[in-house]
Amino acid sequence: EQNIFILGIESSCDDTSASVIHNGRVLSNVVASQKIHEEYGGVVPELASRAHQQNIVPVVHQAIKKAGITKGQLNAVAFTRGPGLMGSLLVGTSFAKSLAYGLNIPLIDVNHMQAHILAHFIEEDGFEKPPFPFLAMTISGGHTQIVRVDDYFEMTVIGETIDDAVGEAFDKSGKILGLGYPAGPEIDKRSKLGNPKAFPFPKPKVGELNFSFSGLKTAILYFIQKEEKANPNFVAENLNDICASIQYTIIGILIDKLKKATKETGIKHIAIGGGVSANSGIRKALKDGEQKFGWTTYIPKFEYTTDNAGMIAIVGYLKYLEGDFAEQDVMASARLKI
Ligand code: KG4
Ligand code: ZN
């Protein structure tokens with residue numbers, strides 16, 4: 001009879017998070033989001049590490065308290081080793097090492113990109129786990145990847161962005177339109193009220209299963225500048241249509257590559273993760289694809305799609321079962337690969 005408690009710690013970007021998992025089920029998942037970046041219109045790395053430094057002890061303390069256990073009951077400490085912002089990763093890494101050392105329990109290093117995918121294996125009522133092999137598409141403000149997943153730790157990146165992430169495409173487009181940061185949720189909201197075919201934007205020509213989003217941002221910028229010369233109120237008068245057209249273009253890019261990926265691999269199970277998976281248009285397109293293309297889609301509970309420590313703790317649990325521990329001299333790695 002196993003009775004395993006794992007503490008997970010996530011600090012790769014701008015969210016400080018800690019979670020306790022008991023045999024694969026989340027007992028607590030505390031996230032302290034950093035509001036400070038909003039006024040800069042993007043994450044400022046130096047400010048992020050300082051905020052992690054401030055938040056990490058209270059966030060971990062709260063996660064253990066909410067879980068209803070004492071730190072003496074923990075079996076291991078799992079932490080995000082990378083990829084991410086170095087200064088941010090160092091805070092979580094150093095803290096996790098010290099805690100594991102102090103409690104004299106194993107330390108487990110976790111790859112953040114694997115964690116986004118393995119979040120699907122958190123025990124959660126009403127959510128089905130994808131069967132191996134499946135394709136995982138991780139879409140967020142920092143990542144855009146399609147990964148072939150043959151087993152928990154047998155993953156191959158088969159496509160990724162060569163420039164901006166898809167969330168950045170939303171956020172940077174929103175910035176051009178004068179929307180707040182992050183703009184993704186507002187573009188989503190306005191898209192529901194606009195015509196997606198009002199303004200056709202070009203889709204990038206990128207080979208294989210890779211993505212490119214920086215050209216879209218430039219195309220939108222030039223388009224707006226041109227239209228505003230004729231009508232200075234162009235954006236204000238057409239905001240919903242512009243948002244709907246941008247979202248439609250982005251969804252088209254993602255779905256095209258997913259179609260290609262299912263065709264090339266013959267795998268029809270698709271698991272989605274990352275903050276952009278909250279997008280209602282993407283969710284609808286994925287669902288529609290079940291009928292149209294015969295695939296099955298899996299989207300985890302929302303709190304496990306954005307950056308959170310629950311996904312770090314579940315990887316910690318899976319590695320714990322395999323006895324796959326880290327040494328105390330393990331180092332954070334900003335560019336860690338899957
Ligand atoms: O996973 P996440 O919370 O943080 C990381 O980037 O790792 O993702 C945040 C990104 C932002 O770019 C935000 O604009 C985007 O997810 N986002 C959305 C929506 N909700 C969040 N993009 C489009 N539609 C949404 N509903
Ligand atoms: Zn992430």
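# Notebook: a look around the predicted model

**Entry 1: Gly 142.** I started with Gly 142, which is buried because 21 other C-beta atoms sit within 10 Å of its own, and the cut-off for buried is 20 or more. Keep in mind that this is a predicted model. I then looked up where Gly 142 is, and found it in the loop between strand 6 (134-139) and strand 7 (144-151). Leaving out residues up to four places away in sequence, Gly 142 touches Cys 13 and Ala 165.

**Entry 2: how confident is the predictor?** I checked the scores before going on. The protein chain averages a pLDDT of 96, and 100% of the residues score at least 70. For the complex, the predictor gives an ipTM of 0.97 and a pTM of 0.94.

**Entry 3: the annotated site.** I went to the UniProt record, an unreviewed entry, to see what it says about Gly 142. Its "binding site" annotation covers Gly 142, along with Thr 138, Ile 139, Ser 140, Gly 141, Asp 171, Gly 184, Asp 188 and Asn 279.

I picked Asp 171 from that list for a second look. Is Asp 171 buried or exposed? Asp 171 counts as buried, because I get 22 C-beta neighbours inside 10 Å. Asp 171 is part of helix 4 (residues 166-176). Not counting residues up to four places away in sequence, Asp 171 touches Gly 141, Tyr 181, Pro 182, Ala 183 and Gly 184. Two of these names, Gly 141 and Gly 184, are also in the "binding site" annotation.

**Entry 4: cis peptide bonds.** Pro 182 came up as a contact of Asp 171, and I looked at its backbone next. The peptide bond from Tyr 181 to Pro 182 is cis, with omega near -10°. Pro 182 is in the loop between helix 4 and helix 5 (184-191).

I noted another cis bond, from Gly 82 to Pro 83, with omega near -5°. Pro 83 lies in the loop between strand 4 (76-82) and helix 2 (86-103).

**Entry 5: positive phi.** Which way does phi go at Asn 23, positive or negative? Phi of Asn 23 is positive, near 45°, and this residue is not a glycine. Asn 23 is in the loop between strand 2 (15-22) and strand 3 (25-33). Asn 23 counts as partly exposed, because it has 13 C-beta neighbours inside 10 Å.

Asn 104 also has a positive phi, near 60°, in a residue other than glycine. Its place is the loop between helix 2 and strand 5 (107-111). Asn 104 is exposed, because I find 6 other C-beta atoms within 10 Å, and the cut-off for exposed is 12 or fewer.

A glycine went on the list too: Gly 294, just after helix 8, takes a positive phi of about 75°.

**Entry 6: a length check on helix 8.** I tried some arithmetic on helix 8 (residues 280-292). At 1.5 Å a residue, its 13 residues should span 18 Å. The end C-alpha atoms are 18 Å apart, which agrees.

**Entry 7: two domains.** The protein chain is divided into domain 1 (5-120 + 305-322) and domain 2 (128-299). Their C-alpha centres lie 27 Å apart. The contact takes 14 residues from domain 1 and 21 residues from domain 2. On the side of domain 1 that touches domain 2, helix 3 (residues 112-118) gives the most, with 5 residues.

The UniProt record, again an unreviewed entry, has a "domain: Gcp-like" annotation for residues 26-313. I looked up the two ends of residues 26-313, and their C-alpha atoms lie 8 Å apart. That span is 46% helix and 17% strand.

**Entry 8: the nonpolar cores.** The largest nonpolar core has 82 residues. The members that touch the most others are Leu 7, Ile 9, Val 77, Ala 78, Ile 312, Ala 313 and Ile 314. Helix 7 (residues 234-265) gives this core its largest share, 11 residues. Where is the core relative to the domains? Domain 1 and domain 2 both give residues to the core, so it lies between them.

I took Val 77 as an example. Leaving aside neighbours within four places in sequence, Val 77 is in contact with Leu 7, Ile 9, Ala 96, Leu 99, Ala 100, Ile 105, Leu 107 and Ile 108.

There is also a second, separate core of 6 residues, including Cys 13, Ala 51, Leu 89 and Ala 332. Cys 13 takes me back to my starting point, as one of the residues that Gly 142 touches.

Terms used:
Residues numbered from 1 in each chain as written. Chains lettered and ligands numbered in written order. Predicted model: local features only at pLDDT ≥ 70, side-chain atom pairs only at ≥ 80, totals over all residues. pLDDT = per-residue confidence, 0-100. UniProt positions renumbered as here; feature names shortened; annotations may be inferred. Helix = DSSP H or I, 4+ residues; strand = E, 2+ residues; numbered from the N terminus. Contact = placed C-beta atoms within 7 Å. Core = buried A, V, L, I, M, F, W, Y, C linked by C-beta atoms within 7 Å. Domains from an automatic or database assignment. Expected span 1.5 Å × (residues − 1).
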